[in-house]
Amino acid sequence: MMDASNGLRSFEETHNADIKSFFDSAPPLKDGEDIKRKLEEFLGKKFSSSENGRPCRVVCVTSGGTTVPLEQRCVRYIDNFSSGHRGASSTEYFLKAGYAVIFLYRRGTCQPYCRSLPDDPMLECFDVTDESGITVLPKHEKAVGAAISGNRTAVTGGTLLKLPFTTIFEYLQMLQMIALSSRSLGSNALFYLAAAVSDFYVPWESMAEHKIQSGSGPLDMRLVQVPKMLSVLRKDWAPMAFCISFKLETDIKILLEKAAMALKKYDMHMVVANELLTRKEEVTVVTKSGNITVQRDRTQAGADVEDPLVKFIVEKHSDYISSTS
């Protein structure tokens, strides 16, 4: 009979090897050095600053879905759909709560402060008055003004850093960079992992270089499972950070079971469980001490469930910081 500790060690060694293989074979980030510089500048200010004697808190909010390229010179890809609404709205509430936010988001998804704007704001919110003049249409003035003001205040004030990704390779490389760069913050760092991350991918070295030709007949392609990075994030990349992951299902019974499993397996501090049909009305926060249902304020028009959710998380993060100091 195999010793349990040996079995666990063997699993961890295999998992770590899979993670190393993923990063070794991933194409390098095109703007890797620029991203690293932005992170160092952004976090450098947070390391040296404090408010009322309290070290600055920094949250990494991940948002939107990742793509899986099918060709190196990508024409086709598999997509994980996510509008990014949860991440964008949560970013606003974290900023309101006094956090600095690293917003790691999918290109083209919902942005903080822009949720009240139409789908195509450039064409729907503005009008041309003459050959050189552009004005905001009256019915959109308030929303456009609030979006510009909120974003500019956060970005120029050094409390919001926006980093875009598209592929699973970009997302995980950037998440690793952020986590390693945040280690010096200790328990003041928080990870709010709301992005819809691909479960499978095509390894770069086995991927077709050029566009796959449709005339070749039925497409037979092997997808490899993306190594789970939550455990390595908790153990190695940012071991002192407060970490929250998300789980989405259509069956509430399966949802809570899987959320509880993720909480234990990856040693998360919380798992936010979303049922597809009710995710905008309420969520269940799964913790080691029990489950808590968080609902939006239905008496208030336009209220978000992210408002009470972020307030709850901030409270628990404060407790965690106190317990580790």
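This report describes the helices, cores, cavities, pockets and selected residues of a predicted model.

## Basis of the analysis

The model is predicted, so local features require a pLDDT of at least 70 and side-chain atom pairs a pLDDT of 80 or more, while totals for chains, interfaces and linings use all residues. Residues are numbered from 1 along each chain as its sequence is written, and side-chain values use heavy atoms, with hydrogens and water left out.

## Nonpolar cores

The largest nonpolar core (buried Ala, Val, Leu, Ile, Met, Phe, Trp, Tyr and Cys residues joined through side-chain atoms within 4.5 Å) has 55 residues. Leu-39, Leu-163 and Phe-191 have the most contacts inside this core. Its largest share, nine residues, comes from helix α6 (residues 168-182); helices (H or I, at least four residues) and strands (E, at least two) are DSSP runs numbered from the N terminus. A second, separate core of 31 residues includes Tyr-93, Phe-94, Tyr-105 and Leu-309.

Contact is defined as heavy atoms within 4.5 Å. Apart from neighbours within four places in sequence, Phe-191 is in contact with residues including Cys-60, Leu-175, Ile-178, Leu-233 and Phe-242.

## Helix α9 and Ser-63

Helix α9 comprises 19 residues (306-324) and reaches 26 Å from its first C-alpha to its last, close to the expected 27 Å, where the expected span is 1.5 Å times one less than the number of residues. Its buried residues (under 20% relative accessible area; exposed is over 50%, partly exposed in between, with a 1.4 Å probe and protein chains only) include Leu-309, Phe-312, Ile-313 and His-317. The buried residues of α9 pack against α3 (85-96) and the strands β10 (189-193), β13 (242-249), β14 (270-275), β15 (282-287) and β16 (290-295).

Ser-63 lies in strand β3 (residues 58-63) and counts as buried because its relative accessibility is 1%. Not counting residues up to four places away in sequence, Ser-63 touches, among others, Gly-84, Phe-103, Tyr-105 and Phe-165.

## Cavities and pockets

On a 1 Å grid over the protein atoms alone, a cavity is a set of points where a 1.4 Å probe fits but cannot get out, and a pocket is an open set with protein on both sides within 12 Å along at least five of seven lines; lining residues have an atom within 4 Å of a point. Grid points are joined across faces, edges and corners, and a volume is the space filled by probe spheres set on the points. The structure holds two cavities of 30 Å³ or more, and the second largest has a volume of about 30 Å³. Residues lining this second largest cavity include Cys-60, Ile-178 and Phe-191, and β3, α6 and β10 each supply at least two lining residues. The lining has nine nonpolar, one polar and no charged residues, with Ala, Val, Leu, Ile, Met, Phe, Trp, Tyr, Cys and Pro taken as nonpolar, Asp, Glu, Lys and Arg as charged, and the others, Gly among them, as polar.

The second largest pocket holds about 420 Å³ of space. It is lined by 21 residues, of which Pro-28, Leu-29, Lys-30, Arg-107 and Glu-170 lie nearest its centre. Helix α6 gives the most to this lining, with four residues. By class, the pocket lining has 11 nonpolar, three polar and seven charged residues.

## Loop and surface residues

Tyr-113, in the loop between β6 (100-106) and α4, has a positive phi near 70 degrees and is partly exposed at 22% relative accessibility. Asp-267, in the loop between α8 (252-265) and β14, has a positive phi near 55 degrees and is partly exposed at 32%.

Leu-123, in helix α4 (residues 121-124), counts as exposed because its relative accessibility is 66%.
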